[in-house]
Amino acid sequence: MSDDRTLGLALSGGGAFSAAHVGVLQVLTERGIRPGIVTGTSSGALVGAAYAAGFEPEAIGRAALGFRWRAIARWSFAPRWGLLDTRTVADAVRSTFGSDPLIEDLPRRFAAVATDLRTRQAVTIDEGPLSVALRSTIAVPGVLPPVRRGAALLADGGIVDNVPVAAARALGASRVIVVRLHAKWENVRMMRTVTRTADLTSDPSVLLIQPEMEGMAQWRMSDLPRLIAEGRRVATEALDAAALREHPDTGGASDPGRVTR
């Protein structure tokens, strides 16, 4: 089955909460829904990059369950911009792919969203080395150093907008599956959401999936299995509800490639 090049998948950031994205990907794959465009912010970009590179959700899930923060950062002995050094991301990318691939060469269209600290504007990185995009989008100010890219000084995209819907649109998506973390409560003050939930809910071209992470750990790995299960639960509910609204007289039976509401 081929990818749908008009269907986007936007994955928000949220530390370990992004394990919920894995559960969503598992359900989409089981239902034959294959977005051809993937965008991500911060930890959502790490999951999104793996999916855009062609890794199956089960493999991404195994990697998530074995993930430790030292895989993307180590202590910096010259902490000018941040306490940690993210150059280990480049090492991890090369170890996984055998090289540092260009984003434009990935099987699916991909973009990571970062923030230009000089202009305070969102920057969509959809070309160039994958490691540069990932180091940029995860660069939490004060903790991880920003990344210079041309004239821009790039840091975590969540500073400006943690829900990369606009980036998916910019890459050509006419319909977008949005996985928004922190659904009912926002506990990371740094993260901002320019895109309002009400706007996403009322947009017929958007399928909004909102995992609920209350009571789960955001910066520890202890709840990863529960987070993946929560992603599965809420994705199943959202897809079933969308199918029922679209085909109320057939019990929700519909083309699995369609996610319009």
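Reader: Let's start with phenylalanine 55: is it buried, partly exposed or exposed?

Author: Bear in mind that this is a predicted model. The relative accessibility of phenylalanine 55 comes to 32%. Buried would need under 20% and exposed over 50%, so phenylalanine 55 counts as partly exposed.

Reader: Which residue forms an aromatic pair with phenylalanine 55?

Author: The count of aromatic pairs here comes to 1. Its two rings have centres 5.8 Å from one another, with 80° between the planes, which makes the pair edge-to-face. The partner ring is partly exposed too, with a relative accessible area of 30%. That partner is phenylalanine 97.

Reader: How many residues apart in sequence are the parts that this pair ties together?

Author: Phenylalanine 55 sits in the loop between helix H2 (43–52) and helix H3 (57–65). Phenylalanine 97, on the other hand, belongs to helix H4 (residues 88–97). The pair therefore ties together parts whose separation in sequence is 42 residues.

Reader: Tyrosine 51 has a ring as well, so to speak; which residue has its charged end over that ring?

Author: Here the partner of the ring is a charged end. That end lies 4.0 Å from the centre of the ring of tyrosine 51. It belongs to arginine 108.

Reader: Moving on to the strands, how many of the residues of S9 are buried?

Author: Strand S9 covers residues 175–179 and is mostly covered. Look at one side and you find Arg175, Ile177 and Val179 buried; turn to the other and Val176 and Val178 are buried as well. With both faces covered, the count of buried residues in S9 is 5 of 5.

Reader: Which residue stands opposite arginine 175 of S9?

Author: Strand S1 (residues 4–11) pairs with S9 over 5 bridges, in the parallel sense. Arginine 175 faces a residue across that pairing, and the residue is leucine 7.

Reader: And what is the bridge partner of valine 176 in S10?

Author: S9 is also joined to strand S10 (residues 206–209), by 4 bridges, and the two run parallel. In S10, valine 176 is matched with valine 206.

Reader: Which residue in S2 does glycine 8 stand opposite?

Author: S1 pairs with S2 as well, in the parallel sense and over 5 bridges. Strand S2 (residues 35–41) has 7 of its 7 residues buried, so the rest of the structure largely encloses it. Opposite glycine 8, the residue in S2 is isoleucine 37.

Reader: What is the phi of serine 42, roughly?

Author: You'll find serine 42 in the loop between S2 and H2. Its relative accessible area is 8%, so it is buried. Although serine 42 is not a glycine, its phi is positive, at about 55°.

Reader: Where is arginine 120, another residue other than glycine with a positive phi?

Author: Phi of arginine 120 is near 60°. With a relative accessible area of 52%, arginine 120 is exposed. It is found in the loop between strand S5 (109–116) and strand S6 (121–125).

Reader: What is the relative accessibility of serine 136?

Author: Serine 136 lies in helix H5 (residues 130–137), where 7 of the 8 residues are buried, so the helix is largely enclosed by the rest of the structure. Beyond its neighbours within four places in sequence, serine 136 is in contact with residues including Ala114, Val147 and Asp156. It counts as buried, at a relative accessibility of 0%.

Reader: How far does helix H8 reach from its first C-alpha to its last?

Author: Helix H8 (residues 224–246) has 23 residues. Among its buried residues are Leu227, Val234 and Ala242, and what covers the buried ones includes helix H1 (19–30), H3 and S10. At 1.5 Å a residue the expected reach is 33 Å, and the model comes close to that, at 33 Å.

Reader: How far apart in space are glutamate 237 and isoleucine 209, C-alpha to C-alpha?

Author: Glutamate 237 lies in helix H8 and, at 46% relative accessibility, counts as partly exposed. It is 28 residues from isoleucine 209 in sequence. C-alpha to C-alpha, the distance between glutamate 237 and isoleucine 209 is 8.8 Å.

Reader: Where does pLDDT stay under 50?

Author: The chain as a whole has a mean pLDDT of 85, and 82% of its residues reach 70 or more. Where pLDDT is low, the predicted coordinates should not be read in detail. The stretch with pLDDT under 50, for which the model has 22 contacts beyond four places in sequence, is residues 183–190.

Methods: Residues are numbered from 1 along each chain as its sequence is written. This is a predicted model: local features need pLDDT of at least 70, side-chain atom pairs count only at pLDDT 80 or more; totals for chains, interfaces and linings use all residues. Side-chain values use heavy atoms; hydrogens and water are left out. Buried means under 20% relative accessible area, exposed over 50%, partly exposed in between (1.4 Å probe, protein chains only). Two strands pair if DSSP finds at least two bridges between them. pLDDT is the predictor's confidence in each residue, from 0 to 100. Contact means heavy atoms within 4.5 Å. Rings of Phe, Tyr and Trp (its six-membered ring) pair if their centres lie within 6.5 Å; planes under 30 degrees apart count as stacked, over 60 as edge-to-face and the rest as tilted. A charge sits over a ring if NZ of Lys or CZ of Arg is within 6 Å of the ring centre and within 35 degrees of the ring normal. The expected span of a helix is 1.5 Å times one less than its number of residues.
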